[in-house]
Amino acid sequence: MRTIQVEQITEAVAQMCKEAAYYLPEDVYQALKKGRETEESPVGRDVLDQIIKNAEIAKAEDRPICQDTGMTIVFLEVGQDLHIEGGSLNDAINAGVAKGYTEGYLRKSVVAEPLFDRKNTQNNTPAIIYTQMVPGDKLKIEIEPKGFGSENKSDIKMLVPADGVEGVKKAVMDIILHASCNPCPPMVVGVGIGGTMDKAAYYSKRALLRPLTVRNEHPKYAQLEKDLLDMINKTGIGPQLGGTTSALAVNIEWGPTHIAGLPVAVTICCHATRHSKRVL
Amino acid sequence: MAEKIRITTPLTEEASRKLKAGDSVLISGVIYSARDAAHKVMTEALARGEKLPIDWHNQIVYYLGPTPAKPGNPIGSCGPTTAGRMDAYTPTMLEQGIKGMIGKGSREPEVIESMKKNGATYFAAVGGAAAFISKSVKKYEVIAYPELGPEALAALTVEDFPAIVVIDSEGNNFYEIGQKPYRRL
């Protein structure tokens, strides 16, 4: 049995929140540069130039890439042989989010209650925390700050088995076409297929953590990722004001489902597809 | 890219009506930031017959909720937020004399009709280019509703703030015009 103190977790999360806000992952940066080379629209090229320059300024000056520094989504893998000492794991994570967002001059964008009062909690907590128990004695923490310009365009469709691959393609494209210029394209599209309604949405969020250069291990899903990316780049949406670079990647995650169902969830992320990872 | 058009605030109806969808502009002068909560508070105040904290005549509103400024900087990162969320309030606000709006994303037909009537222009700034855009902001001053935090009503002094006319005062929409040549589905 290995022991770690909650303070270590809090400190790691605080640092990760800042890193994720300031430093665009290298694979996303490279995908933007590649998009700039092939973009056909002159306005689209101007937009991509601004986006690339923005990532460079943010990195050089430790400034948030986007003013929407997001609601913090945390994916935990907790080794079952790990003992966490000194307090509650969730409290430690939330303390880290509060610390990181305050120290890092990040925008606090969370309201405590969604409908009537909508009062800002002033420290960006609570985070959305997904916890999974795994073998071993390590704690893996992945952070995905999610902006809501793109989150508001995310959606889910409960298909039936007869809808098949074509149904999945249509569902994804309907969501993308409805989102159009709004989610700050070029987008990164996370697709979750299978599970239940909520699990499909979870898969679609997890899919955004995978590097854009890595395709699904299952060849048929990898092909579907390529087909969907190709279709999205033919919509004309482009980098916000029209063009050929509408999305940088489509990442699919899938899981077992019920004999009667075929849930498809799409989490749309903007070009600032931010995340950071640490293993304690 | 065609040459960028320099505009200074206040933006008169005449100047606004000259701008065409697809024009690239650089804005200088004072613009005012307001987003969801500020719009809600202002339209509620108008409904009660109260005066607003500023005179919106010939002004530009920027849909923005910036990150806090680091010491030594006038403002944090400050890219545009989704304009469509303001659509429910926009016709009322345009009646107050606003001639320019800066945001990102599409607008409802009612908003476009009100823009035509009032001679207003909708500009897009690049969504997410918030660190880059912050370079053009020289001063940030909260004018009203400080309790709204990042949603407070504030005055920004800007120099060469980069934007593109997406919907002009005749209702031409560059989101549609710009996408068409590249749609191959």
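Here are four short exercises, with worked solutions, on a predicted model of chains A and B.

**Exercise 1. The bridge between chains**

Work out which parts of the two chains are joined by the salt bridge of A:Asp46 and B:Lys4, and whether each partner is buried or exposed, or in between.

Solution.
- Start with the distance: the closest N and O atoms of A:Asp46 and B:Lys4 are 3.6 Å apart. The cut-off for a salt bridge is 4 Å, so the pair makes the list.
- Now place the partners. A:Asp46 sits in helix 3 (residues 42–61) of chain A, while B:Lys4 belongs to the segment before strand 1 (5–8) of chain B, so this pair joins two chains.
- Then check accessibility. A:Asp46 has a relative accessible area of 14%, which makes it buried. B:Lys4 comes out at 34%, so call that one partly exposed.
- For context, the rule finds three salt bridges across the interface of chain A and chain B, and a search of the whole structure turns up 34 over all chains.

**Exercise 2. Bridges within a chain**

Take the salt bridges A:Asp230 to A:Lys234 and B:Arg85 to B:Asp36, and find out what you can about the partners.

Solution.
- In chain A, the side chains of A:Asp230 and A:Lys234 come to 3.3 Å, N to O. A:Asp230 is partly exposed at 42%, and A:Lys234 is partly exposed too, at 33%.
- In chain B, the side chains of B:Arg85 and B:Asp36 meet at 2.7 Å, N to O. B:Arg85 is in the loop between strand 3 (60–62) and helix 3 (90–94), and B:Asp36 is in helix 2 (residues 36–47), so the bridge ties together parts that are 49 residues apart in sequence.
- B:Arg85 has a relative accessible area of 28%, which puts this residue in the partly exposed class.
- Some bridges share partners: A:Glu11, A:Lys18, A:Lys99 and A:Glu103 are linked that way into one network.

**Exercise 3. The interface from the side of chain A**

Describe how chain A meets chain B, going from the overall numbers down to the residues that contribute.

Solution.
- Count the residues: 45 of chain A are in contact with 45 of chain B.
- Next, the area. The two chains bury about 3700 Å² between them, and 57% of that is on carbon and sulfur atoms.
- Look for the big contributors in chain A: A:Gln67, A:Tyr105 and A:Leu241 lose the most area to chain B, together 20% of what that side buries.
- Add the polar side of things: 20 residue pairs are in polar contact across the interface (both at pLDDT 80 or more).
- Finish with the secondary structure and the chemistry. Helix 3 and helix 6 (164–179) of chain A each supply at least two residues to the side that touches chain B, and helix 3 gives the most, with eleven. The residues on that side of chain A split into 19 nonpolar, 17 polar and nine charged.

**Exercise 4. The surroundings of A:Thr245**

Find where A:Thr245 lies and which residues A:Thr245 touches.

Solution.
- Locate A:Thr245 in the loop between helix 8 (219–232) and strand 8 (247–257) of chain A. With 6% relative accessibility, this threonine counts as buried.
- Leaving out residues up to four places away in sequence, the residues A:Thr245 touches include A:Leu48, A:Pro186 and A:Asn233.
- A:Gly35 and A:Glu39 are also among them. The A:Thr245 side chain reaches the backbone oxygen of A:Gly35 at 3.4 Å, and makes a polar contact of 2.6 Å with the side chain of A:Glu39.
- To link back to Exercise 1, the C-alpha atoms of A:Thr245 and A:Asp46 are separated by 12 Å, with their positions 199 residues apart along the chain.

Conventions. Residues numbered from 1 in each chain as written. Chains lettered and ligands numbered in written order. Predicted model: local features only at pLDDT ≥ 70, side-chain atom pairs only at ≥ 80, totals over all residues. Heavy atoms only, no water. Helix = DSSP H or I, 4+ residues; strand = E, 2+ residues; numbered from the N terminus. Buried < 20%, exposed > 50% of the residue type's maximum accessible area, 1.4 Å probe, protein only. Contact = heavy atoms within 4.5 Å. Buried area = accessible area lost by both parts, 1.4 Å probe. Polar contact = N/O pair within 3.5 Å; in protein donor to acceptor, adjacent residues only side chain to side chain. Nonpolar A, V, L, I, M, F, W, Y, C, P; charged D, E, K, R; others polar.
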